[in-house]
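Reader: I'm new to this one and don't know where to start. Could you pick a single part, take a close look at it, and then show me how the rest hangs around it?

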Amino acid sequence: MKPTIIRNRQFYTATNHIRSKQLGATLSKDLREKYGKRNARVVKGDTIRVMRGEFKGIDGKVTQISTEKSGVAVEGIKREKLKGGNVDIYIHTSNVMITGLNLDDKWRQSRLEGQKAKVAAEPPKEPPKEPPKETPKEVLKPKEVPTKEKPKEKTKETPKPKEKTSKSSTKKTKQTKAANQAKKETE
């Protein structure tokens, strides 16, 4: 398949966030020097100059942006309908140059200036420095010396079968309790 066919298919089948990125235009020489960037995304409110096509040389503000039509509508560029009324003409952003930026959005302004967006919005707050808390260490008795113990080998123990409670088992527990009490008394 021809590369042009593949490229066109990629343009028209692109997802919304990629189509939005395709709406970028070059900056004028003054803006290039000021911001150190060659291009930017066209936003509603920017002032642009049409560089190619039927409306070449016309300056105006962007009134609408269409990702579906891959273009921008500019003030003063309209076409009359046969039945009456005017319709906006969408011009592709590759054919325009941005001469004035709409900097109402602080995030966009910080991105153009080459800063991180969060830094420009708010200066970073430094938390008050606290001295690190010391945890009390275990107090060792003089006779005890910590030693490394060998890990115990794990052995499989078979579970003991549960005994059914009967009269004889309850008698045994009573006898053992009585024997334990007798031992305590003798001691």
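Author: Let's start with a bit of vocabulary: helices are DSSP runs of H or I with at least four residues, strands are runs of E with at least two, and both are numbered from the N terminus. A residue lines a pocket when it has an atom within 4 Å of one of the pocket's grid points. Also keep in mind that this is a predicted model.

The part I'd pick is the largest pocket, which holds about 270 Å³ of space. Which element gives the most to its lining? That's helix α4, with four residues. Two elements, α4 (106-112) and β2 (39-41), each supply at least two residues of the lining. If you want to find the pocket in the view, look for Lys 37, Asn 39, Ala 40, Arg 41 and Val 43, and then for Asp 105, Trp 107, Arg 108, Arg 111 and Leu 112. Sorted by class, that lining comes to five charged residues, four nonpolar ones and one polar one.

Now stay with Arg 108, one of the lining residues. Which residue does Arg 108 form a salt bridge with? The partner is Asp 46, and the closest N and O atoms of the two are 3.0 Å apart. Arg 108 belongs to helix α4, while Asp 46 sits in the loop between β2 and β3 (47-50), so this pair ties together parts that are 62 residues apart in sequence. Are the two partners buried or exposed? Both Asp 46 and Arg 108 are buried.

A search of the whole structure turns up four salt bridges, and two others are worth a detour. Arg 49 forms one with Asp 59, again with the closest N and O atoms 3.0 Å apart. Here the partners are in strands, Arg 49 in β3 and Asp 59 in β4 (residues 59-66), so the pair ties together parts ten residues apart in sequence. Arg 49 is partly exposed, at 32% relative accessible area, and Asp 59 is partly exposed too, at 41%.

The other detour is Lys 78 with Asp 88, where the closest N and O atoms are 2.6 Å apart. That pair links distant parts of the chain, with Lys 78 in β5 (residues 71-80) and Asp 88 in β6 (residues 86-91), ten residues apart. Lys 78 is partly exposed at 46% relative accessible area, and Asp 88, at 23%, counts as partly exposed as well.

Those strands bring us to the sheet. It is an open sheet of seven strands with mixed pairing, in the order β2-β1-β7-β3-β4-β5-β6. Where does β2, which helps line the pocket, sit in it? β2 is an edge strand, as is β6, and each pairs on one side only. From one strand to the next, the twist averages 55°.

Let's look at β7 (residues 96-100), a mostly covered strand with four of its five residues buried. On one hand β7 pairs with β1 (residues 24-27) in the parallel sense, over two bridges, and there Thr 26 has Met 97 as its bridge partner. On the other hand β7 pairs with β3 in the antiparallel sense, over four bridges, with Ile 98 in β7 as the bridge partner of Ile 48.

Further along, β4 and β5 pair in the antiparallel sense, also over four bridges. Within that part of the sheet, Val 62 stands opposite Val 74 in β5. The loop between β4 and β5 contains Ser 70, and that residue has a small quirk: its phi is near 55°, a positive value in a residue other than glycine. Most residues other than glycine have a negative phi. Ser 70 is buried as well, with a relative accessible area of 15%.

Finally, step back to the whole chain. There are six helices and seven strands, and from the N terminus on they run α-α-β-α-β-β-β-β-β-β-α-α-α. Of the 187 residues in the chain, 19% are buried, and the salt-bridge partners Asp 46 and Arg 108 are both buried. If you go back to the view now, Arg 108 makes a handy landmark: it lines the largest pocket and forms a salt bridge with Asp 46.

Key: Residues are numbered from 1 along each chain as its sequence is written. This is a predicted model: local features need pLDDT of at least 70, side-chain atom pairs count only at pLDDT 80 or more; totals for chains, interfaces and linings use all residues. Side-chain values use heavy atoms; hydrogens and water are left out. On a 1 Å grid over the protein atoms alone, a cavity is a set of points where a 1.4 Å probe fits but cannot get out, and a pocket is an open set with protein on both sides within 12 Å along at least five of seven lines; lining residues have an atom within 4 Å of a point. Grid points are joined across faces, edges and corners, and a volume is the space filled by probe spheres set on the points. Ala, Val, Leu, Ile, Met, Phe, Trp, Tyr, Cys and Pro count as nonpolar, Asp, Glu, Lys and Arg as charged, and the others, Gly among them, as polar. A salt bridge is a side-chain nitrogen of Lys or Arg within 4 Å of a carboxyl oxygen of Asp or Glu. Buried means under 20% relative accessible area, exposed over 50%, partly exposed in between (1.4 Å probe, protein chains only). Two strands pair if DSSP finds at least two bridges between them. Axes are lines fitted to C-alpha atoms, for helices over the stretch in contact, and angles run from 0 to 180 degrees between N-to-C directions.
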